[in-house]
Amino acid sequence: MLATPSVNPACPDTQRQHRLAAQLAEMIPGAATIRVNLTDPSRAWPHPSAAIRDEGGKALEVSRTTATVAARWILRVWPEADWTRPHTFDVQCAALTCSDLVATGRSR
């Protein structure tokens, strides 16, 4: 009898996350963090958007296409994340964290 694959693997596929980090570092040189959100302020409907920053926290200028592709790649690697809130992907350590305004110290 064949074993059926589990929905939740016992060991998360960290290689996939590191491959993504390597691809994004090559696609966007100098990127340290990528903040991904499904509510692009310039769109009326849910649309992936990304804000890319360097080590010093300065925003990097990338095309809208590059930002959208980066956001979509990150969304696909973490489909189980709660994407109603923005998340930040750290390119150096290939980690995704929830990035609410309160967490970043910019609360009202």
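Hi everyone, let me start with a cysteine. Cys98 is partly exposed, with a relative accessible area of 39%. Before I go on, please keep in mind that this is a predicted model. Cys93 falls in the same class: Cys93 counts as partly exposed because its relative accessibility is 42%. As bench people, you may be asking how many disulfides a search of the whole structure finds. The count is 0 disulfides. For reference, a disulfide is a covalent bond between the sulfur atoms of two cysteines.

Now let me step back to the whole chain. Its secondary structure comes to 2 helices and 4 strands. If you read along the sequence, the pattern is α-β-β-α-β-β. The chain has 108 residues, and 31% of them count as buried. About 7,600 Å² of the chain is exposed, with carbon and sulfur atoms supplying 55% of that area. Take the contacts between residues at least 6 apart in sequence: 49% of these join residues at least 24 apart.

On to the sheet. In what order do the 4 strands of the open sheet lie? The order is E2-E1-E3-E4, and the pairing is antiparallel. That puts E2 and E4 at the edges, each pairing on one side only. From one strand to the next, the twist averages 25°.

Let's walk across that sheet pair by pair. E1 and E2 pair in the antiparallel sense over 5 bridges. In that pair, Thr33 stands opposite Arg53 in E2. Next come E1 and E3, an antiparallel pair with 4 bridges. Here Ile34 has Phe89 in E3 as its bridge partner. Then there is E3, residues 87–90, which pairs with E4, residues 95–98, in the antiparallel sense over 4 bridges. This brings us back to the cysteine I opened with, as His87 stands opposite Cys98 in E4. Asp90 has a bridge partner in E4 too, namely Ala95.

Let me stay with E3 and E4 for a moment. The two strands form a hairpin with 4 residues between them. Ala94 sits in the loop between E3 and E4, and its phi is near 55°, a positive value in a residue other than glycine. Is Ala94 buried or exposed? Ala94 counts as buried, because its relative accessibility is 6%, and the cut-off for buried is under 20%.

Two more residues in the sheet are worth a look, one in E1 and one in E2. Asn37 is found in strand E1, and at 14% relative accessibility Asn37 counts as buried. Leaving out residues up to four places away in sequence, Asn37 touches His47, Pro48, Ser49 and Pro86. Ser49 has its place in strand E2, and at 15% relative accessibility Ser49 counts as buried. With the same sequence neighbours left out, the residues that Ser49 touches include Arg35, Val36, Asn37 and Ala71. So if you have the structure open, try finding Asn37 and Ser49 together, because Asn37 is buried at 14% and Ser49 is buried at 15%.

Last topic: helix H2. This helix covers residues 64–77, which makes 14 residues. At 1.5 Å a residue, H2 should span 20 Å, and its end C-alpha atoms are 20 Å apart, so the two values agree. Which residues of H2 are buried? They are Ala67, Thr68, Ala70, Ala71, Ile74, Leu75 and Val77. When you look at that list, one general point helps: an α-helix has 3.6 residues a turn, so residues three or four places apart point the same way. And what covers the buried residues of H2? The cover includes helix H1, residues 14–27, along with strands E1, E2, E3 and E4. One contact here links back to the sheet: Ala71, a buried residue of H2, is among the residues touched by Ser49.

To wrap up, the picture I'd like you to take away is an open sheet in the order E2-E1-E3-E4, with those strands and H1 among what covers the buried residues of H2. And for the cysteine question, the search found 0 disulfides. Thanks, everyone!

Definitions and conventions:
Residues are numbered from 1 along each chain as its sequence is written. This is a predicted model: local features need pLDDT of at least 70, side-chain atom pairs count only at pLDDT 80 or more; totals for chains, interfaces and linings use all residues. Side-chain values use heavy atoms; hydrogens and water are left out. Two strands pair if DSSP finds at least two bridges between them. The expected span of a helix is 1.5 Å times one less than its number of residues. Buried means under 20% relative accessible area, exposed over 50%, partly exposed in between (1.4 Å probe, protein chains only). Contact means heavy atoms within 4.5 Å. A disulfide is a pair of cysteine sulfur atoms within 2.5 Å. Accessible areas come from the Shrake-Rupley method with a 1.4 Å probe; for residues, only the protein chains shown count as cover. Axes are lines fitted to C-alpha atoms, for helices over the stretch in contact, and angles run from 0 to 180 degrees between N-to-C directions.
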